[in-house]
Amino acid sequence: MTRHDLITKSVAMLRLRREDLIGKDLITKSAARLRLRRDDLIRVGRVIVVSVVCVVCVVMIASVPRWGATHALLGIREAPKANTTSAPLTVDQAKRILARTFTAAYLGETTSGAAAQAQLRTAYTGEGLRGVSGRVKLASVQPALSASLLLAPHPKLLAVSRGFGFPRFIIAQTVASDGGLPILHLLVSPDAATPYRISMSAEMVPPATVEPFDRLSSGSPLVTNGTGLAVAPATLLNLYAAQMAFPAKAISKAPFVADSFAVQVRAGAAGAAGAVASQATYTQVHTVVPSSVYAVRQASGDALVLGVLERTDSFAVKPGENVNTVANKAFVLLTGKELVTKAASITTLEFVAFTVPRSTGQATLVAAREQIVAGAGS
Amino acid sequence: MPASTRRALAAVVAVMGIVLLVVGAWMVILLGPSGEAQFSASSKAPGALVVPSEVLNAVDVPVRVTATRADGGAVFLAAASSTDVRALLATSAASTVSGVQFPAGRLDLHASGAGVPADIRTADVWRLTATGAGSAGLLVDQSRAPETVVATSGDATALTDATVTLTWDDTAWFFEALAMATVGAVLAAFSLNDLWQGRVIAVRGDVAETKTSEATT
């Protein structure tokens, strides 16, 4: 059956004329029924098609996520990635933290009672809190608060940590309003939920200075393993602690320069040993407090290493001897004992800071402080 | 250029012009002269309301964040680095903005966590903070992106039935939309006119051809 026959048969079945099924005539007939010219009807058809395309385009451009006109017009973008080479704090934030912390520290040391204790816990943490608690306890027998780091109205912000990891730190310096040596402070925040608190403070050792750190906006990186330094921070402090022991231990090739603080501690130990020689055996041990060591890279490539040593002065009373401790007011205040018959010990924290050169050379002590924190006797 | 090609080109330009005109006019009406786009969402679930960096830093203009609680209690609103906020909230109950519906003005919320939110107000990670009775607002610039904003209770009571609203405004958006509509209108007008003129010439050509044919016969 040919195409022609098929159309003719279909027409017969549908009772239509053959021309009705041919598209060309369909348009002509439709145009006639609508009282339009054939060309006009075709144009109307084209306009409808173009309109539909327009609407589809508008809908697409306006609604397709991440590609639509709204994104282009409003400048919608992916959120930027975190900058790991920037400081986690702004300078204003860091200054607010310093102001809050030093205010709490001041209130904690100048008042008494539970409120004072709460203020101290707000201001200090770790060995810093141990140290200040000892200072408050021994306030009556130690130098007056006028020498305190807390009478510094305008702390100078030296460095903040870099990146968004933890722990984070702030290094600040104060100079008491009544003069005296500048004091170096380390504040730390161990995690996101815990505020910054003073971890250690130490008076600068003349004529030492602290070299500049990187810009506050970019922060200063922590040195974690001592790479790129003349000596690893932990090694430095362990050797420093070892060389201050009494009886003295020889340290070959000390990685630090001799300093007045160590000389003073050793002289004190020798004096104590001589004073009690007839009644007791005296020893002194220094150990680095775990997790107290922080090393911060400076702009020059050197590092500032801060840490806490715990010094234990031990007295082993000789058989048959009684040691009168009344003269040691700090010991009496801490232990309540004025007579020791067997043994006694005094625990002192030593807060130290060193500048460590980046390649060769020796570390230099730049700040140090000691504070008796505990005692025991029997 | 052949007439058919010219007409096709004019049609394409006309379509583009119409699209630009419609979209531009639509944006002009939506944004208004201040170029303001506002979105909000409410959550009745207890826990913090969180606006993550994907939303907060999606546009390089400051965003005004407002949190309001229905019971009138204190609201604490703060912005910090996204890393820190994630560490702070961890498994705490939170409703996080997961999408922005434009032009509906709606924010999608995604609930997560079940733990009681810790008191995050004392943390030192906050770059910006605001507190207020019943509501609090912050204007967050983009200088420290990526950041996340958290709204939580500013007192001992849990934050429930709270609304967070984000407002971006940039006058430039209004003028950009206006420019888009204007350019679209001009393109559409010229190309449609060209198409119309072409049609008239074609019709006249038909008439002339018919007359010539009659004269020949």
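**Exercise 1. In this predicted model, find how many bridges join β5(A) to strand β7 of chain A, and which way the two strands run.**

Start with the two strands: β7(A) covers residues 303-317. Count the bridges between β5(A) and β7(A) and you get 9, with the strands running antiparallel. For one concrete pair, pick A:V288: its bridge partner in β7(A) is A:L309.

**Exercise 2. Work out which side chains of β5(A) point to the buried face.**

Walk along residues 280-288 and you'll see the side chains alternate. A:A280, A:Y282, A:Q284, A:H286 and A:V288 share one face and are buried. A:T281, A:T283, A:V285 and A:T287 point to the other face and are not buried.

**Exercise 3. Check whether the end-to-end distance of α1(B) agrees or disagrees with its expected span.**

Take the 29 residues of α1(B) at 1.5 Å a residue, using one less than the number of residues, so the helix should span 42 Å. Now look at the end C-alpha atoms: they're 41 Å apart, which agrees. While you're there, note that buried residues of α1(B) include B:A14, B:G17 and B:L31. Just after the helix, B:G32 takes a positive phi of about 75°.

**Exercise 4. Describe the side of chain B that touches chain A.**

First, count: the contact takes 32 residues from chain B and 28 from chain A. Next, ask which helices help out: α1, α2, α3 and α4 of chain B each supply at least two residues. The largest share, 7 residues, comes from α1(B). Finally, sort chain B's side by type: 20 nonpolar, 6 polar and 6 charged.

Notes. Residues numbered from 1 in each chain as written. Chains lettered and ligands numbered in written order. Predicted model: local features only at pLDDT ≥ 70, side-chain atom pairs only at ≥ 80, totals over all residues. Contact = placed C-beta atoms within 7 Å. Helix = DSSP H or I, 4+ residues; strand = E, 2+ residues; numbered from the N terminus. Nonpolar A, V, L, I, M, F, W, Y, C, P; charged D, E, K, R; others polar. Buried ≥ 20, exposed ≤ 12 C-beta atoms within 10 Å, placed from the backbone. Pairing = 2+ DSSP bridges.
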